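Please open the structure in a viewer and keep the sequence at hand. The tour proceeds by selections, each followed by a description of what is found there.

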Amino acid sequence: MNAPLHTTALQSAIAADLAALPLIEKWVSFASVSRDSNLPIIEWTRELLASYGIESHLTYDDSGKKANLWATLPAENGETKLGGLVLSGHTDVVPVDGQPWDTDPFVAQIIGDKLYGRGVTDMKSYGATALMMVPELLKRKLKRPVHLAFSYDEEVGCIGVRRLIADMVAQGYKPAGCIVGEPTGMQVVIAHKGKHAYKTSVRGFEAHSSLTPLGVNAVEIACEFVAHLKSMHRRLVEEGPFDPIYDVPHTTIHTGVIAGGTALNIIPRDCDVTWEIRHHHMNSPELLFNEAKAFADSLLPAMQAVAPDTGITHKLNSVLPGFATDADSEIARLCFTCAGADASSGAGKVSFGTEAALFHQAGVPTIVCGPGHIAQAHQPNEWVTLDQLAWCERFMRRLADEICVN
């Protein structure tokens, strides 16, 4: 994969007419990992928009080291607040630490028919393509305003966009629709699952490991709890309920992190389990949590018979709501037209969460549609095909045909 750029690769890029490629390369060059500041990419983007005469508004995190960017291209009649269209994406990416990359992850490289680099799929290609369209949208004049919304810290819980949306509402913006460009293979996605993330903490009782009856093993209790979560997941896999339009048609329960114990010869006092429920509209995450909690509660009598101060507690770490937009809504029909699809064959639902749910919750009808596939996201050697990038550009140009005066 370290081979030089081949002539055939260049020809593929030319054939795909990738006008956005220089902007994609620039955005990828910013190592805007969520744990670090995203201000370099935000400031560069603000300067680019300023060169077109577009003013950007930034909303910062508490540290001042991260920011969202909101910029409005006004309609021909001067309207900026009402009836606009939001093109939304996040600027942060996941880390590359420990991943076996064959190229520099922060240097976008074309090899064969693919573009490699951190964020080329998730989701800098979409944001850069939207930026590429700004001069054309201004030149052709807009029937309604277009808003660019670029957020921070999507990858760690859709944190930044919450402030962006709150500011959008406070400033009186009332968009008629939003397109979030997460990787869907350019399929028009009208819904995604919600997510509840929990931390369950087991407090046991320490003793020497040779005297197990005198202690309460927090790791073993936690493992019993995890095994029960798995049994709940198996039931959902086998019995549903199912929504066949989703890529994973049933609700899922997943354990991501277990941390506990200090040494082999000490009965562990503490163990934490971090787990999640990703649910569609036919399951209640609250009911599933209550079922898991009831099992945990059933373990308490035996624990407290040995040591009264033992226990199991649960914390709801985060909630990302699901969303569903009518396939016959204005924003859906617009996206079907731009994607070259129709509601009967093109509508999709996905299991991964996005900022779309938060725009939708704020009263903005929202669709998810962007280049690349989620299977390539967060991986070493993240890639997107040139065809997908070309499709995204065609989508944007068709969008301009729909929303521009000229």
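The stops below cover two sheets with their helices, one residue, and two pockets.

**The four-stranded sheet**

The model is a predicted one, and the tour begins with a sheet. Select β9 (194-203) and β12 (311-320), then add β10 (252-260) and strand β11 (residues 270-279). These four strands make up an open sheet with the order β10-β11-β9-β12, and their pairing is antiparallel. Because β10 and β12 each have a single partner strand, they stand at the edges, and one side of each is left without a neighbour in the sheet. From one strand to the next, the twist averages 20 degrees.

Next, restrict the view to β10 and β11, which pair in the antiparallel sense over eight bridges. Within this pairing, select His 254 and look across to β11, where Glu 276 stands opposite.

Now display the helices on this sheet. Helix α7 (residues 218-239) lies across β9, β10, β11 and β12, and runs at about 170 degrees to β10. Helix α8 (residues 285-298) lies across β9, β11 and β12, with a direction at about 155 degrees to β11.

**The largest pocket**

Keep β9 and β12 selected, and turn to the largest pocket, which holds about 590 Å³ of space. Its lining comprises 20 residues; Glu 154, Glu 155, Lys 195, Arg 278 and Gly 353 are the closest to the centre. Two or more lining residues come from each of β9 and β12. Which element gives the largest share of the lining? That element is β12, with three residues. Colouring the lining by class shows eight charged, seven nonpolar and five polar residues.

**The second largest pocket**

Move to the second largest pocket, with about 200 Å³ of space. Of its 13 lining residues, select Glu 55, His 57, Trp 70, Thr 72 and Tyr 173, which are the closest to the centre. The elements that contribute two or more residues to this lining are β1 (56-60), β2 (67-73) and α6 (160-170). By class, the lining divides into six nonpolar, five polar and two charged residues.

**Ala 149 and its surroundings**

Select Ala 149, a residue of strand β6 (residues 146-151). Is Ala 149 buried or exposed? Its relative accessibility is 2%, so Ala 149 counts as buried, the cut-off for buried being under 20%. Show the contacts of Ala 149 beyond its neighbours within four places in sequence: they are Leu 69, Trp 70, Val 86, Leu 87, Ser 88, Gly 89, Leu 164 and Phe 359. Trp 70, one of these contacts, is also among the residues closest to the centre of the second largest pocket. Then add Val 161, which is 12 residues from Ala 149 in sequence and 8.5 Å from it in space, C-alpha to C-alpha.

**The three-stranded sheet**

For the last stop, select β4 (109-111) and β16 (383-385) together with strand β5 (residues 114-116). They form an open sheet in the order β4-β5-β16, with antiparallel pairing. The edges are β4 and β16; each has a single partner strand, so one side of each is left without a neighbour in the sheet. On average, neighbouring strands here are turned by 30 degrees against each other, direction ignored.

Focus on β4 and β5, whose antiparallel pairing spans three bridges. Gln 109 stands opposite Tyr 116 in β5. Finally, display helix α13 (residues 386-403), which packs on this sheet and touches β4, β5 and β16. The direction of α13 makes about 65 degrees with that of β16.

Definitions and conventions:
Residues are numbered from 1 along each chain as its sequence is written. This is a predicted model: local features need pLDDT of at least 70, side-chain atom pairs count only at pLDDT 80 or more; totals for chains, interfaces and linings use all residues. Side-chain values use heavy atoms; hydrogens and water are left out. On a 1 Å grid over the protein atoms alone, a cavity is a set of points where a 1.4 Å probe fits but cannot get out, and a pocket is an open set with protein on both sides within 12 Å along at least five of seven lines; lining residues have an atom within 4 Å of a point. Grid points are joined across faces, edges and corners, and a volume is the space filled by probe spheres set on the points. Ala, Val, Leu, Ile, Met, Phe, Trp, Tyr, Cys and Pro count as nonpolar, Asp, Glu, Lys and Arg as charged, and the others, Gly among them, as polar. Buried means under 20% relative accessible area, exposed over 50%, partly exposed in between (1.4 Å probe, protein chains only). Contact means heavy atoms within 4.5 Å. Two strands pair if DSSP finds at least two bridges between them. Axes are lines fitted to C-alpha atoms, for helices over the stretch in contact, and angles run from 0 to 180 degrees between N-to-C directions.
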